Amino acid sequence: MAFLEQGSDRCVMCGLCLPHCPTYRLTGDESESPRGRIALMGALAKDQLIPTPRLLGHLDRCLTCRACEAVCPSLVPYGRLIDTARAQVRGERSRWQRLKKHFLHQWIIPRPMILRGLGRVVRLAQLTGVVGLARRSGLLGALGGGPLESLMPRLPPQRSWRSFYPAENEERGRVALFTGCVANVVEQPLLRATVQLLNRLGYGVHIPKGQVCCGALAKHDGEPEQAWALALQNVRSFEDAEVEAVLCTASGCTASLVDYPQWAQEEGAEIAATRTFARKIREVNEFLLDTAWPREATLKPLEKRVAVQEPCSLRYVLRQHEAVYALLRRIPKADILPLPYNEQCCGAAGSYMLTQPTLAQSLRARKVEALGKVQPDILVTSNIGCSLHLAAGIREAGLPIEVLHPVQLLARQLNL
């Protein structure tokens with residue numbers, strides 16, 4: 001509780017964060033603002049309030065987008081505060097909530113084989129029409145699977161990875177690729193395009209076995225011990241790979257991976273390996289921008305309008321969103337423009353789009369409306385949650401917009 005009390009006391013209650021908070025802008029409720037939540041967390045730490053369901057709801061409805069941190073004059077570590085508060089009150093959750101979290105964070109997310117198996121089952125259900133039948137019959141809604149099914153794209157075949165993919169022609173270096181958990185099921189085409197692009201640019205790519213979820217879902221869900229266990233497994237999985245960088249295609253995962261030394265400190269575990277690992281983490285767009293491309297790696301012209309969505313993790317945590325624009329502007333004739341309201345979260349926020357679907361869809365609606373006005377041919381985003389959430393809204397609105405990761409667009413323009 002000491003960190004909660006000290007961290008919340010740093011807030012001077014100036015209110016500069018309020019207009020930047022998505023939930024406050026939606027509700028106008030002070031308890032749904034960073035300032036209001038900090039007051040609640042401080043009162044909890046000082047035993048001035050008890051964790052009622054209503055209070056827990058205010059904490060749960062925070063997206064942890066961290067837009068507030070970017071404007072805070074007192075440098076309040078809001079992201080750490082909300083994660084710590086959720087961990088402190090987890091014992092106050094209902095038995096059903098605790099059971100669901102235990103099942104998700106202990107049995108599903110940390111086990112790649114189970115995730116891939118579920119992916120194969122879902123793909124089979126999609127191909128055979130079972131999913132569509134369950135949707136039309138109302139069974140999915142009755143079982144509570146409506147939000148999840150609406151987000152699920154057509155899954156690709158689940159293929160295994162080799163441990164190493166050699167560079168084309170002369171090797172100029174070696175990197176490792178972090179494949180993640182859900183991304184390794186849903187976004188295998190992106191991951192494979194990333195490997196192919198890196199190979200074309202002269203990089204050999206290691207894909208270490210044993211890597212698991214980055215831990216972000218558990219961390220933001222108030223399960224820091226499970227997040228730390230995943231972090232340790234990832235550090236050990238990559239420690240034998242002699243590479244100059246560990247690349248990640250999801251900005252949300254990147255933001256967590258670079259934070260491993262902080263997680264170690266919170267767990268009271270000073271492990272030098274976490275610092276070594278974190279120093280190698282690179283967001284893939286930023287790495288590609290800093291890399292000198294071979295003369296023969298020329299991009300074909302693209303006479304299309306490309307809107308760029310900036311994930312909060314890329315904009316507010318990593319602060320590398322400009323790299324995407326600089327990279328995509330290398331494509332001749334492409335019209336690259338920012339998606340309106342990029343300063344506001346799209347509502348995906350990890351598992352938020354599943355646990356808080358009403359608020360998540362309200363936030364998404366503004367983005368989809370903007371897409372309807374801008375009318376791009378392609379929407380690019382650098383985070384898996386944003387991609388799934390926005391693509392579902394685009395399908396629902398019937399807009400003819402393709403959703404891609406920047407790497408996929410670059411690979412396409414290189415004829416990969």
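Helix 23 passes helix 24 in a right-handed crossing. In this predicted model, the axes of helix 23 (residues 357–374) and helix 24 (residues 384–397) come within 10 Å. They cross at roughly 65°. Helix 23 contributes Ala360, Gln361, Arg364, Lys367, Val368 and Leu371 to the contact. From helix 24 come His389, Leu390, Ala392, Gly393, Ile394, Glu396 and Ala397. Seven residues of this contact are nonpolar, three are polar and three are charged.

A second helix pair involves helix 13 and helix 25 (residues 406–413), whose axes come within 9 Å and cross at roughly 55°. Helix 13 is therefore oblique to helix 25. The crossing of helix 13 past helix 25 is left-handed. On helix 13, the contact is made by Pro189, Leu190, Ala193, Thr194 and Leu197. On helix 25, Val407, Gln408, Leu410 and Ala411 take part. Seven nonpolar and two polar residues make up the contact of helix 13 with helix 25, and no charged residue is included.

Helix 13 also meets a sheet. The helix spans residues 188–200 and lies across strand 1, strand 2 (173–178), strand 3 and strand 4 (245–248). Relative to strand 3, helix 13 runs at about 145°.

The sheet itself is open and has five strands, in the order 1-3-2-4-5. Its pairing is mixed. Strands of a sheet pair through backbone hydrogen bonds, either parallel or antiparallel. The edges are formed by strand 1 (164–165) and strand 5 (281–283), each of which pairs on one side only. Strand 1 runs antiparallel to strand 3 (residues 203–206), and two bridges join them. Phe164 has His206 in strand 3 as its bridge partner.

Two loop residues have notable backbone angles. Most residues other than glycine have a negative phi. Lys333, which is not a glycine, has a positive phi of about 70°. Lys333 sits in the loop between helix 21 (322–328) and strand 7 (335–338). Its relative accessibility is 60%, so Lys333 counts as exposed. Ala349 likewise has a positive phi, near 50°. Ala349 is found in the loop between strand 7 and helix 22 (352–355). At 30% relative accessibility, Ala349 counts as partly exposed.

Definitions and conventions:
Residues are numbered from 1 along each chain as its sequence is written. This is a predicted model: local features need pLDDT of at least 70, side-chain atom pairs count only at pLDDT 80 or more; totals for chains, interfaces and linings use all residues. Side-chain values use heavy atoms; hydrogens and water are left out. Two strands pair if DSSP finds at least two bridges between them. Helices (H or I, at least four residues) and strands (E, at least two) are DSSP runs, numbered from the N terminus. Contact means heavy atoms within 4.5 Å. Axes are lines fitted to C-alpha atoms, for helices over the stretch in contact, and angles run from 0 to 180 degrees between N-to-C directions. A crossing is left-handed if the near helix is turned anticlockwise from the far one by less than a right angle, and right-handed if clockwise. Ala, Val, Leu, Ile, Met, Phe, Trp, Tyr, Cys and Pro count as nonpolar, Asp, Glu, Lys and Arg as charged, and the others, Gly among them, as polar. Angles under 35 degrees count as roughly parallel, over 145 as roughly antiparallel, 65 to 115 as roughly perpendicular and the rest as oblique. Buried means under 20% relative accessible area, exposed over 50%, partly exposed in between (1.4 Å probe, protein chains only).
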